[in-house]
Amino acid sequence: MAPNLWRAGLSLPLTFLLLAAVPGVADAVRAAPGQRDARPLLERSGAAAARVYYVDSRKGDDDAPGTSPGKAWRSLDRAGSARLRPGDTLLLRRDGRWKGTLTLRGKGTDARHITVGSYGKGARPRISGRDGDCVVVEGSYWRISDLRASDCGWGGFRIDGRHNDLWDVYADRNVAGVWVTERGAHNVIRNSQMIGNDRMSVDDPEPDNDSGAFGVLLNGDDNRVVGNLIVGSYAASQDYISDGAAVEVYDGDRNVVAHNVARDNETFTELGHSPGGTATGNLFANNVVTSERKRGSFLITRGAGHAVGPVTGTVAVNNSVYLPARRTIGVSCADGCSPKILVLRNNAIKVGGALGFEDGSGIDDAGGVYDGRTLGLKLGHRSIHEDPGFRSRHDLRLRPGAPAIGQGVPLGPSWYGGAGLAHDAAGRVMPHSKNPDAGAYQY
């Protein structure tokens, strides 16, 4: 990506660039569209709705009051113009299809979110169209679920507001499945699927300006990306051969990316910022990353010598990574790396290529179990160069007697983003009074 593209990510112009992915995903995360009616949705959202409005792309009428399935509105414009209040609910009919943008402007409260979801039977309500982003959240305290945003102009779901909750949404065929803009803060993207967001927003002969193929793009601060399945964030690029990231951070501070399953992306995460901006204090914990692609990587960050650096305070803890191809790299910390740039704790990383690259004074590392054709990193306290002992390239749980068992260093809940996230990929509480296992799964 080009540094002057404010809303896009960064691409490492190295021939062996990154890619991440993983198999073995919990059914709960995959969450195929089921049959849901309004009542369980309201119970799940915790919103005591003052009013419920319905939208039906086939049988609705914008002149109707919208207050029942038989009196539903028809268009996204009519739904977006409704003055929704705290506790209100907007439901789109399943099997419905719309082209255009659903804009959500109202403000809920911490106690009473505004809820958006679905009703009826069939596939998720689908919003598409290349003329703009499909679902735009400008307001605050919205809880949005069950929708699909597909083949949109740039972002499937664009979050400009604060304190919004996206859960069990589906985004595909976009430049960015979910895009949190520089105005978006304190939002949560959870238990959702970002599948095959595989488009470049720029792909032309001009050098170093391609940008795209993001599962999640974070330009804002203090957001959480938790428990998602992110697959196929990858696209051809004239500048970089190929590019894409499961979770890209550009100008975003203090974001938490935890417990995600990433499979067959170009890279898992890449970080940078615009001139005068920051991308400080981002945390990546207990993610499971695999890939069958010929090249890719887990994490790329930069020091002060890079056009999009320095990126300070990045922490990666208890992630499991397996990238078997020979043109892969585990971790890259270039152009002035130091312990202020990147901290690694208790990661289990196996690659078919270079385990990593560091320059300057290097990475602050401890408790890792690393295996690669070349090492490229100075190992820290309790870190070892050995095969971590994954069960298979698609199952990153540890087999009996695996070298990663008990190899980590004790860490408190704050290392994982708080007590609510201090558990492994299978839900086991992370031990903090003894040596844990390296990687996302505790044996």
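**Before the views.** A residue is called buried here when its relative accessible area is under 20%. Please keep in mind that the model shown is predicted.

**View 1. The whole chain, as a starting point.** The protein holds 38 strands and three helices. Of its 443 residues, 61% are buried. Contacts often bridge long stretches of sequence: among those between residues at least 6 apart, 66% join residues at least 24 apart. The average pLDDT is 89, and 88% of the residues score at least 70. Residues 1-49 call for some care, since their pLDDT stays under 50. The model still has 191 contacts beyond four places in sequence for residues 1-49.

**View 2. An open sheet built from ten strands.** Following the sheet across, you meet the strands in the order E4-E7-E10-E13-E18-E23-E26-E29-E32-E35, and their pairing is parallel. Where does the sheet end? Its edges are strand E4, residues 102-104, and strand E35, residues 354-358. Each of these two has a single partner strand, so one side of each is left without a neighbour in the sheet. From one strand to the next, the twist averages 10°. As a reminder for newcomers, strands of a sheet pair through backbone hydrogen bonds, either parallel or antiparallel.

**View 3. Strands E23 and E26, side by side.** This view picks out one pairing from the ten-strand sheet, in which E23 is followed by E26. Four bridges connect E23 with strand E26, residues 267-272, and the two run in the parallel sense. To find your bearings, look for valine 247, which stands opposite threonine 269 in E26.

**View 4. Glycine 244, in the loop before strand E23.** Glycine 244 lies in the loop between strand E22 (241-243) and strand E23 (245-250). Is glycine 244 buried or exposed? Its relative accessibility is 1%, so glycine 244 counts as buried. Leaving aside residues up to four places away in sequence, glycine 244 touches Gly212, Ala213, Ser233, Glu266 and Thr267. Alanine 176 is 68 residues away along the chain, yet its C-alpha atom and that of glycine 244 are separated by 9.6 Å.

**View 5. Strand E31, covered on both faces.** In a regular strand the side chains alternate between the two faces of the sheet. What covers the picture here? On one side of strand E31 (residues 320-323) are Ser320 and Tyr322, on the other are Val321 and Leu323, and all are buried. Both faces of strand E31 are therefore covered, as buried means under 20% relative accessible area. Strand E31 also has partners. Strand E28, residues 288-290, pairs with E31 in the parallel sense over three bridges, and valine 289 stands opposite valine 321 in E31. Strand E34, residues 348-351, pairs with E31 in the parallel sense too, over four bridges. In that pairing, tyrosine 322 stands opposite lysine 350 in E34.

**View 6. The largest nonpolar core.** This core gathers 64 residues. Which of them touch the most other members? They are Leu90, Leu92, Leu104, Ile144, Phe157, Val178 and Phe298. Strand E23 supplies the largest share of the core, three residues. Leucine 92 is a good place to pause: its contacts beyond four places in sequence include Val55, Leu76, Trp98, Val116 and Tyr119. Pro125, Ile127 and Leu147 are also among the residues that leucine 92 touches.

**View 7. The disulfide of cysteine 134 and cysteine 152.** A disulfide is a covalent bond between the sulfur atoms of two cysteines. The structure holds two disulfides, and this view shows the one whose sulfur atoms, in cysteine 134 and cysteine 152, are 2.1 Å apart. The link joins distant parts of the chain, 18 residues apart. Cysteine 134 sits in the loop between strand E6 (126-129) and strand E7 (135-137), while cysteine 152 belongs to strand E9, residues 148-152. The angle about the S-S bond is -110°, and the link is left-handed. Cysteine 134 counts as buried because its relative accessibility is 0%, and cysteine 152 counts as buried because its relative accessibility is 0%.

**View 8. The disulfide of cysteine 333 and cysteine 337.** Here the S to S distance is 2.1 Å. Left-handed or right-handed? The torsion about the S-S bond is about 100°, so the disulfide of cysteine 333 and cysteine 337 is right-handed. Both cysteine 333 and cysteine 337 are buried. Counting bonded cysteines along the chain, the disulfides follow the pattern 1-2, 3-4.

Methods. Residues numbered from 1 in each chain as written. Predicted model: local features only at pLDDT ≥ 70, side-chain atom pairs only at ≥ 80, totals over all residues. Heavy atoms only, no water. Buried < 20%, exposed > 50% of the residue type's maximum accessible area, 1.4 Å probe, protein only. Contact = heavy atoms within 4.5 Å. Core = buried A, V, L, I, M, F, W, Y, C linked by side-chain atoms within 4.5 Å. Disulfide = S-S within 2.5 Å. Pairing = 2+ DSSP bridges. Axes fitted to C-alpha atoms, helices over the stretch in contact; angles between N-to-C directions. pLDDT = per-residue confidence, 0-100.
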